[in-house]
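Hi,

Here is the structure I promised to send over. Have a look at it first, and then read on for what I found in it.

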Amino acid sequence: MSVRPDAAPAVTVPAPAVATSAAVTDADPCCAAPLPVLGRDVTVPLVTGGEVTYAALDYAASAPALQRVWDDVAAYAPYYGSVHRGAGYLSQLSTDLFENSRGTVHEFLDCRDDDQVVFTRSTTDSLNLLAAALPADCQVFVFETEHHASLLPWRDARVTYLNAPRTHGEAVRTLETALADRDPYGPALVCVTGASNVTGELWPVRELAAAAHAHGARIVLDAAQLAPHHPLSVRELDVDWVAFSGHKLYAPFGSGVLAGRADWLQDAEPYLAGGGASRKVARRTDGGVDVEWHSTAARHEAGSPNVIGVYSIASACKALTEAGFGTLVAREQHLITKVRDGLAEVPEVKVLSLFGDDSPRVGVISFVVEGWNSSHFAAALSAEYGIGVRDGLFCAHPLVRTLLGSDPQDVGECGAPEAEPGERLLNAIRVSFGAGTPDEHVERFVRAVKELVRDGAKWNYRTEDGRCVPAV
Ligand SMILES: Cc1ncc(COP(=O)(O)O)c(C=O)c1O
């Protein structure tokens, strides 16, 4: 069954009583965040004394919930009921909400009419689901620059890891060369990210999709970092599947999405076996059990669905669409320019980039600071300025090691290496932002970087479990 994007709900959830989801209007439009998020007034203590408003600059890991998403979820919560089971009114309402959310996501992604939207737990879950649904003997092509969620699920398939390209053209040529060498009659899949979680740089998805299709391969887009920042059209990009996570799209309630072609998914064994995925189950005379599985998205959604997670994703999709990606992108580019211009004034800072300064990018920027261990620097940003960033290898070890010039083959576990304050190790600092970020946060960040490089940390730090923490 394909879901009609315009399917009207039979039952509607009342609008939130308090209209807190309107865009911020009481500040200079160039400085205000276009969409209010939760936690925007939270204050945190500084080791040096006093408190400041927390500057959440780690959107690439998990973005704060949109106020609108929170309001929608709160308005629905009293009506919460079981999905796809239960004859009661609230079960009917919850089932409608769940299925209409599918339609909203279908529309948000501009999917083809017969594409399926499968709800999962996250991007990682979506890509593992697709990996489990690959036809026999499927060859997989993936750049070494991918996030581990895109790099690792294919380990049982025949995988070709492609070297990091340094231009968009080289990316397309590298893929074409690899595909030209493949078994032309077997199934093949290319997995590529839309926007890097390390450099924020956009990948030439449309061109890679054209190359894949020209060689009879299919392509899945890891849109974990693209979907929150850019309009995304499955039809226009001509990708076969797209995966993303709710918690990076301002909807942190534990759901994700895999959307795209139905055929491989329909032919595969259910990702999880259980209720909801099965249409008919009967005992056989020989004592075994016969199962008829659904051929719809439900085939891969066994168990009780996370209706709040799914509804929150639909709410975020609507909020971003209503705010307008034109406005959101322009505003984010303004913040990117501020950060990049500020960092460019500090000679000790080296910004990591695969495709160069002119590459189009989203609000994700990684860098190292000469003479600093990145964990120490990130700890000082937090403890002395109330700024939350991430340090480490960002679950993209081969890419970060390539960018830092160390051995790209050594893929270890996620997380920052052991470090002593003052010692420079091969890890980096990442700052990331989005629709809820006010100018003040990035301005504070740039000022903090300049002060730390010029004056050093004001506090002492020590290593605890491999991380730098204030010595208090
Ligand atoms: C590009 C990219 N792909 C996949 C993932 C995995 O997302 P999740 O942890 O939500 O499964 C991430 C998370 O950081 C990411 O940045």
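**Salt bridges**

Counting across this predicted model, I get 26 salt bridges. Oppositely charged side chains can pair when their charged atoms come close. Here are a few worth pulling up on your screen.

Start with helix 1, which covers residues 67-76. Asp-72 and Arg-68 both sit in that helix, four residues apart, or about one turn. They form a salt bridge, with 3.1 Å between the closest N and O atoms. Are the two partners buried or exposed? With the cut-off for buried set at under 20% relative accessible area, Asp-72 counts as buried because its value is 12%. Arg-68 comes out at 18%, so this residue is buried as well.

Now go to helix 13, residues 439-455. Glu-440 and Arg-444 are four residues apart there, so about one helical turn separates them. Their salt bridge has its closest N and O atoms 3.0 Å apart. The two ends get different labels: Glu-440 is partly exposed, with a relative accessible area of 39%, whereas Arg-444 counts as buried at 5% relative accessibility. There is also a network to look at: Arg-331, Lys-338, Asp-439 and Glu-443 are joined into one by salt bridges that share partners.

One more pair is Arg-454 and Asp-455, whose side chains meet in a salt bridge at 2.9 Å, N to O. Both of these residues are exposed.

**The seven-stranded sheet**

Next, the sheets. Seven strands make up an open sheet with mixed pairing, and their order is 4-10-9-8-7-5-6. Which strands stand at the edges? They are strand 4 (116-120) and strand 6 (158-162); each has a single partner strand, so one side of each has no neighbour in the sheet. On average, neighbouring strands here are turned by 20° against each other, direction ignored.

Within this sheet, strand 9 (residues 241-245) and strand 10 (residues 256-260) run antiparallel and are joined by five bridges. If you want a specific pair to click on, Ala-243 has Leu-258 in strand 10 as its bridge partner.

Two helices to show alongside it: helix 2 (residues 89-108) lies across strand 4, strand 9 and strand 10, at about 115° to strand 4. Helix 5 (residues 168-180) packs on the sheet too, touching strand 5 (139-143), strand 6 and strand 7 (188-193). The direction of helix 5 makes about 160° with that of strand 5.

**The four-stranded sheet**

Another open sheet has four strands in the order 13-14-17-16, with antiparallel pairing. Strand 13 (349-351) and strand 16 (390-392) are at its edges, each with a single partner strand, so each has one side left without a neighbour in the sheet. From one strand to the next, the twist averages 30°.

How many bridges join strand 16 to strand 17? There are three, and the two strands run antiparallel, with strand 17 covering residues 428-432. One pair to look for is Arg-390 with its bridge partner Arg-430 in strand 17.

Finally, helix 10 (residues 325-344) lies across strand 13, strand 14 (364-369) and strand 17. Against strand 14, helix 10 runs at about 10°.

Shout if anything is hard to find in the viewer.

Cheers

How values were computed: Residues are numbered from 1 along each chain as its sequence is written. This is a predicted model: local features need pLDDT of at least 70, side-chain atom pairs count only at pLDDT 80 or more; totals for chains, interfaces and linings use all residues. Side-chain values use heavy atoms; hydrogens and water are left out. Two strands pair if DSSP finds at least two bridges between them. Axes are lines fitted to C-alpha atoms, for helices over the stretch in contact, and angles run from 0 to 180 degrees between N-to-C directions. Contact means heavy atoms within 4.5 Å. A salt bridge is a side-chain nitrogen of Lys or Arg within 4 Å of a carboxyl oxygen of Asp or Glu. Buried means under 20% relative accessible area, exposed over 50%, partly exposed in between (1.4 Å probe, protein chains only).
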